[in-house]
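Colleague: Got the model up? Let's go through the strands, then the cavities.

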Amino acid sequence: TTYSHKVGLYQEAVVAYEVVLGDGSYVRATRDNEYSDLYHCLPWSHGSLGFLVGLELQIIRVKPYIHMQYIPVRGQKAYCDKIRELSGAEDPNMRVPDYLEATVFNKEEAVIMVGNFADVKTKEQESKVNNVTKWYKPWFYKHVEKYLTKGHGEEYIPLTEYLLRHDKAIFWVLESMIPFGNHPLFLLLLGWMLPPKPAFMKLTTTPVVRAMTFTKQVFQDIVLPINKLEEQIDKSEEFFDTYPILV
């Protein structure tokens with residue numbers, strides 16, 4: 001996630017799992033109790049070890065907005081180095097942002113997003129608030145892409161909207177289904193319908209579009225060391241030949 005450079009993967013925020021096992025017994029698994037082996041195996045078990053009925057999670061105090069900075073970078077080595085620098089990969093004692101991500105639009109161009117929890121108190125800050133999930137707003141990755149030409153920028157995004165920023169366009173999947181879906185007029189009149197329900201898409205798309213959807217779209221999470229980021233992007237291009245890539 002865009003917070004994992006601070007806390008690790010999702011399961012690393014779990015204090016305890018409450019699980020009903022195959023024999024019907026209830027157990028509470030933690031890092032260091034008698035069910036610690038279950039605790040460590042559950043995240044990768046795909047539901048094969050028991051029925052999860054409860055979680056105890058570590059939580060943090062947040063603020064209502066994310067102060068987002070957009071940093072366009074050209075050159076694969078340059079943006080990979082910048083991501084490593086900002087994530088603290090090269091200096092574990094470095095103070096790192098709350099959220100960090102990058103959208104790679106092609107092999108040589110990316111926009112790095114640096115986000116921190118924030119309050120909006122001044123008129124100047126209020127003028128920079130962007131409600132990115134409003135129906136008439138452009139798809140988020142298209143909004144981000146503009147910074148390749150606009151240069152460095154900043155804004156404040158409500159936290160709840162930041163967490164749902166890619167929902168409207170299903171990341172970038174919707175573009176292959178509705179190529180004109182990011183047009184301002186379409187968004188103004190019909191953007192409230194997004195994201196469309198799968199049943200609606202099956203009803204309204206042609207067999208050719210449906211076939212293309214299955215052959216060209218890629219949904220793949222890849223977990224690799226950040227010092228291999230360049231190789232990861234090269235392999236993604238080799239195997240899938242599709243952009244953007246979310247880092």
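Modeller: Sure. Keep in mind that this is a predicted model. There is an open sheet of three strands, ordered E2-E1-E3, and the pairing is antiparallel.

Colleague: Which are the edge strands?

Modeller: Strand E2 (26-30) and strand E3 (51-57). Each of them pairs on one side only.

Colleague: And what does the twist average from one strand to the next?

Modeller: 20 degrees.

Colleague: How many bridges join E1 to E3?

Modeller: Six, with strand E1 (residues 14-20) and E3 running antiparallel.

Colleague: What stands opposite Glu 18 there?

Modeller: Gly 54, in E3.

Colleague: New topic. How many cavities of 30 Å³ or more does a search of the whole structure find?

Modeller: Two. The largest has a volume of about 40 Å³. The second largest holds about 30 Å³ of space.

Colleague: Which residues line the largest cavity?

Modeller: Val 132, Pro 138, Trp 139, Phe 140, Arg 165, His 166, Lys 168, Ala 169 and Phe 171.

Colleague: How does that lining divide between nonpolar, polar and charged?

Modeller: Six nonpolar, one polar and two charged.

Colleague: OK, what lines the second largest cavity?

Modeller: Asn 130, Val 132, Lys 137, Pro 138 and His 143. Val 132 and Pro 138 are also in the lining of the largest cavity.

Colleague: And by class, what does the lining of the second largest cavity have?

Modeller: Two nonpolar residues, two polar and one charged.

Key
Residues numbered from 1 in each chain as written. Predicted model: local features only at pLDDT ≥ 70, side-chain atom pairs only at ≥ 80, totals over all residues. Heavy atoms only, no water. 1 Å grid on protein atoms, 1.4 Å probe; cavity = no way out; pocket = protein on both sides within 12 Å on 5 of 7 lines; lining within 4 Å. Points joined across faces, edges and corners; volume = space filled by probe spheres on them. Nonpolar A, V, L, I, M, F, W, Y, C, P; charged D, E, K, R; others polar. Pairing = 2+ DSSP bridges. Helix = DSSP H or I, 4+ residues; strand = E, 2+ residues; numbered from the N terminus. Axes fitted to C-alpha atoms, helices over the stretch in contact; angles between N-to-C directions.
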